[in-house]
Amino acid sequence: MKKALSLPLLVLLALMVAFPVITIFARSILSDGKLDLARPLGIILKSENIETILNSLKLGLYVVITSTILAYPLAYLLAKTNFGLHSWLSIVLLIPFMTPPYIASMGWILFMQRRGLLEQLIPKASILEPVFFSFGGIVLVMSLHVFPFMLNFIRNAMVRIPSNLEEAGSMLGAGKTYRTRKIVLPLLASGYALGALLVFVKTLSEYGTPATLGLRIGMKFFTTQIHRKATYVPVDFASAASLSSLLVGICLMLWLIQDTVTKRTSYATIGTKGSQIKLRSLGKIGTLVGWMYILLILLVSIGIPYFSILTTSLIKLRGYGLQAGNFTLDHYRELFLDNREAVQALRTSLGLSFASATIASLLGTIIAISTYKEKGIISKGINTLGLFPEMIPNIVLVIGLMIFWNILSRWIPLYNTLGILILAYVIMFLPYTIQYVNGCLTQMNDHLLQAGRVFGASPFYVMKRIVLPLVARGSLTGWIMTFIICFRELVASSLLVPVGRSTVSTYILREFDQGSVSLGMCMAVICVLCTTSILLILERITRKGQQK
């Protein structure tokens, strides 16, 4: 059964993933059908593109540093102290990461702009406006989005460090600084290297914040330049492909560096005697300082952007600002009753998210099961192609799909339809289901399958009655995650949505750019409520699975 599926799956994934990516590289080195290897180098070395590259690399580096500074104290509090007993903190601290970055960025812009919400609350705070609308402001907003991601990696690395290692160092006379330098940091290096890499790559590939705050201050980044080259007249696919190729090269090089660092800095910390983590009690002053830091992080990462979004959606006349009597629900009423485009955008996003999540969940489950414990070249190729979208920026995949399906449009008219948007979503978020189902399969004992065969069950019966029930939770989790991200996804929607159609994300961005801010923020509130509610459902499902 697995062998029968292997070749069709490999061909399907090659069409979905490999060919579009290869098309990008081919488009960058072909000029009028002739090979020109110097062409992409000439495009990249243009002054505006060099500025773009340097801005992106600098942004990635500063976001890694800033998110580390924000996340490390939180990781220590949750992994090593009695703050770890408050399980709800882990859920709340995920909200900034699950908030669409372009929505958070819009919230910050509304809060910090001239005559914005902060200036209305504190008039003298107007001096902070030029400070925020700068490169530092982009670093801050991006860091507040990705720090939960960094927090998760550092915290998990800390949890794996047994308390007895530090106690042994202390008994042998090592001071706190020496123990940190010789014991703690080397054991954190592997997990941190992976977290730093993913944060750097995510920063390079992020489109929402550069498209809102970045363009507001006139700074160019990889994603905004690629997007502009592929959409604005005159369309320049050659430049978009060259910048995309460079971005892929940087990301793959970073993956190789991270893999080398991880292999050299990985240590076994669990032995035959077992290990335990002792949670420290910080005392009254330490606990107070800890809570103050947590509340400060929650204020700037959740409180400010959500306050701005919600308040703006309720303001009747923006010129009057935060005044009594200047709040109304009319914008929500207009959004649902009088605005056909908004309703259509909601329906479109819901339909696209449902279809994409269903297809990605089914395909990801089939891929994970068909490659489970298979060692052949075809199985490895399937698994690699299935997970490859996680390694490269989404905008690169989307540009590849645009170029590839433009070529095929004469025979397969998929381009400029909702079908290509579904295809893009499935490709980008397929790795979620594969990883979740793989996690379920690794926990499945082979004795279950052997027992089924001993009692005469057919392969189909074993699959139906044993394998599928055990991986169902992973498939459902993958479906939910895919649905959440598709519903609020921006970069593929802005590039591939058919003419005359809108999704939730493109509607919000357009209304914000055109000055209908209150309507845009109403839709943003709906988007955040939907994704947060589904996130809580996912967390509940995960907890029930762990309890069983």
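**A tour of one cavity, two helix contacts and one pocket**

The lining of the largest cavity consists of eight nonpolar and three polar residues, with no charged ones. The model is predicted, and residues are numbered from 1 along the chain.

**Stop 1: the largest cavity.** Select P96, T99, A104, W108, V141, L144, H145, V300, S301, P305 and Y306, which line this cavity. The enclosed volume is about 80 Å³. In the whole structure, three cavities of 30 Å³ or more are found. Colour the lining by helix: α6, α9 and α15 (283–314) are the elements that give two or more residues to it. Which element gives the most to the lining of the largest cavity? That is α15, with four residues.

**Stop 2: α6 against α9.** Now show residues 101–112, helix α6, together with residues 135–159, helix α9. Their axes lie 10 Å apart, and the packing angle is about 135 degrees. Because angles over 145 degrees count as roughly antiparallel, the pair falls short of that class, and α6 is oblique to α9. The crossing of α6 past α9 is right-handed. For the contact itself, select P101, S105 and W108 on α6, and L140, V141, L144 and H145 on α9. By class, these residues are five nonpolar and two polar, with no charged ones. Some names return from the first stop: W108, V141, L144 and H145 also line the largest cavity.

**Stop 3: α6 against α12.** Keep α6 on screen and add α12 (208–216). Here the axes come within 7 Å and cross at roughly 25 degrees. How is α6 oriented relative to α12? The angle makes α6 roughly parallel to α12. α6 passes α12 in a right-handed crossing. On the α6 side, select P101, Y102, S105, M106 and I109; on the α12 side, select G208, T209, T212, L213 and R216. This contact holds five nonpolar residues, four polar and one charged. P101 and S105 were also among the α6 residues in the contact with α9.

**Stop 4: the second largest pocket.** From α12, move to the second largest pocket, which holds about 540 Å³ of space. Its lining has 22 residues, and Y207, H227, Y232, L509 and D513 are the closest to the centre, so centre the view on those five. Then show α12, α13 (222–231) and α24 (504–514), each of which supplies at least two lining residues. Colour the lining by class to finish: eight residues are nonpolar, nine polar and five charged. The lining of the largest cavity, by contrast, has no charged residues.

Key: Predicted model: local features only at pLDDT ≥ 70, side-chain atom pairs only at ≥ 80, totals over all residues. Heavy atoms only, no water. 1 Å grid on protein atoms, 1.4 Å probe; cavity = no way out; pocket = protein on both sides within 12 Å on 5 of 7 lines; lining within 4 Å. Points joined across faces, edges and corners; volume = space filled by probe spheres on them. Nonpolar A, V, L, I, M, F, W, Y, C, P; charged D, E, K, R; others polar. Axes fitted to C-alpha atoms, helices over the stretch in contact; angles between N-to-C directions. Parallel < 35°, antiparallel > 145°, perpendicular 65-115°, else oblique. Left-handed = near helix turned anticlockwise from the far one by under 90°. Contact = heavy atoms within 4.5 Å.
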